[in-house]
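Me: I am new to this structure and would love a close look at one part of it. Could you walk me through how its interior is put together?

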Amino acid sequence: MNAEGDGVGVTLIGREGLIDAVILKHNKMLEKYNFEFEELDLRFSSHSQEIENSKKRHEEMLERIDVLKEKRHQLYHQAETMMEKLVESGMEPKEVDAVCDNLAKAKSLSSIDEEKTVIESILSVLAAAEHSEIKTSIKPKIEEALASHEELISISGLEKSLTDDQKLHEDELSKARPRHTWLEKRIQSHKEALNYWADLKSKEKEVTTE
């Protein structure tokens, strides 16, 4: 219905028109929030997945570090045990003791360069000694122990990079979470309101058609 007052047209909206307007408003808000939420949710999910992947890789890396530490320790221990048997094959006890001391030192070193220097000293002593099957078996043990230490240091460097990357994704997730949660609640609120008004409109239609 239109009413004229002082030359100004005023449109009077009935109850059904008001309900339609409210439903339209909620639909518009839902469309707006859904668009932003879907875009944010993709980033939110991506950061969450990257964090989970980082945690998994980190666990695998820690397991590998433990394996390498134990492997290095065992290899040096095996080399020391084999050296002790060289006394029986005629190698001077002093030389055996010196090599065993250097093996113990190499096992405790954290510097690869220092470890290599000690190992070179050990190998030079072994090379000068008379050939035996045991001596030729010691060299691969020592070299493998060194390789384990090199891999260990390499992984330790990667571990820090992985931790930094995980922290970056956690920071981004932390920034996105408040807006993500707010949008989620607003969308739910508008859906509930929309269902309410749509249900009310349906009931009123039923009344008018009886």
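Which residues of the largest nonpolar core touch the most other members?

Reply: Happy to take you through it. Please keep in mind that this is a predicted model.

Let us set the scene before going inside. The chain has 4 helices and 2 strands, and from the N terminus on its elements follow the order β-β-α-α-α-α. Of its 210 residues, 28% count as buried. Among contacts in the chain with a separation of 6 or more, 78% join residues 24 or more positions apart.

Now to your question. The largest nonpolar core has 23 residues, and those that touch the most other members are Tyr-76, Met-83, Leu-86, Leu-103, Ile-122, Ile-138 and Ile-142. Helices H1, H2, H3 (112-128) and H4 each supply at least two residues of this core.

Met-83 is a good place to start exploring. Setting aside neighbours within four places in sequence, Met-83 is in contact with Met-91, Val-96, Val-99, Cys-100, Leu-103, Leu-126 and Ile-138. Two of these partners, Leu-103 and Ile-138, are also on the list of core residues that touch the most other members.

Met-91, another partner of Met-83, sits in the loop between H1 and H2. Met-91 counts as buried because its relative accessible area is 8%, under the 20% cut-off. Not counting residues up to four places away in sequence, Met-91 touches Met-83, Leu-86, Val-96, Val-125 and Ala-129. If you would like a distance to look for in the model, the C-alpha atoms of Met-91 and Leu-126 are 9.6 Å apart, with their positions 35 residues apart along the chain.

Next, look at the two helices on either side of that loop. Helix H1 covers residues 15-85 and helix H2 covers residues 93-108; their axes come within 9 Å and cross at roughly 175°. H1 and H2 are therefore roughly antiparallel to each other, since angles over 145 degrees count that way. On the H1 side, the contact is made by Arg-72, His-73, Tyr-76, Ala-79, Glu-80, Met-83 and Glu-84. On the H2 side, Val-96, Val-99, Cys-100, Leu-103, Ala-104, Ala-106 and Lys-107 take part. By class, this contact of H1 with H2 has 9 nonpolar, 1 polar and 4 charged residues. Tyr-76, Met-83 and Leu-103 appear both in this contact and on the list for the largest core.

Arg-72 of H1, one of the residues in that contact, leads us on to helix H4. His-149 lies in H4 and is buried, with a relative accessible area of 4%. Leaving aside neighbours within four places in sequence, His-149 is in contact with Arg-72, Leu-109, Ser-110, Ser-111, Ile-112 and Glu-115.

There is also a second, separate core of 14 residues, which includes Tyr-33, Ile-51, Leu-173 and Ala-176. Another buried residue to find is Ser-54, whose place is in helix H1. Ser-54 has 0% relative accessibility and so counts as buried. Beyond residues up to four places away in sequence, Ser-54 touches Leu-162, Asp-165 and Gln-166.

To finish, compare these buried residues with some charged pairs along H4. Side chains of opposite charge can pair when their charged atoms come close. A search of the whole structure finds 11 salt bridges, and three of them are easy to follow here. Lys-139 forms a salt bridge with Glu-143, with the closest N and O atoms 3.9 Å apart. The two residues are 4 apart in helix H4 (residues 133-209), so about one helical turn separates Lys-139 from Glu-143. Lys-139 counts as partly exposed at 40% relative accessibility, and Glu-143 is partly exposed as well, at 39%.

Further along, Asp-164 and Lys-160 form a salt bridge whose closest N and O atoms are 3.0 Å apart. Asp-164 and Lys-160 are also 4 residues apart in H4, about one helical turn. Asp-164 is partly exposed at 40% relative accessibility, whereas Lys-160 is exposed, with a relative accessible area of 55%. Finally, the side chains of Lys-167 and Asp-171 meet in a salt bridge at 3.1 Å, N to O; these residues of H4 lie 4 apart, about one turn of the helix. Lys-167 is partly exposed, with a relative accessible area of 46%, and Asp-171 is partly exposed too, with 33%.

Terms used: Residues are numbered from 1 along each chain as its sequence is written. This is a predicted model: local features need pLDDT of at least 70, side-chain atom pairs count only at pLDDT 80 or more; totals for chains, interfaces and linings use all residues. Side-chain values use heavy atoms; hydrogens and water are left out. A salt bridge is a side-chain nitrogen of Lys or Arg within 4 Å of a carboxyl oxygen of Asp or Glu. Buried means under 20% relative accessible area, exposed over 50%, partly exposed in between (1.4 Å probe, protein chains only). Axes are lines fitted to C-alpha atoms, for helices over the stretch in contact, and angles run from 0 to 180 degrees between N-to-C directions. Angles under 35 degrees count as roughly parallel, over 145 as roughly antiparallel, 65 to 115 as roughly perpendicular and the rest as oblique. Contact means heavy atoms within 4.5 Å. Ala, Val, Leu, Ile, Met, Phe, Trp, Tyr, Cys and Pro count as nonpolar, Asp, Glu, Lys and Arg as charged, and the others, Gly among them, as polar. A nonpolar core is a set of buried Ala, Val, Leu, Ile, Met, Phe, Trp, Tyr and Cys residues joined through side-chain atoms within 4.5 Å.
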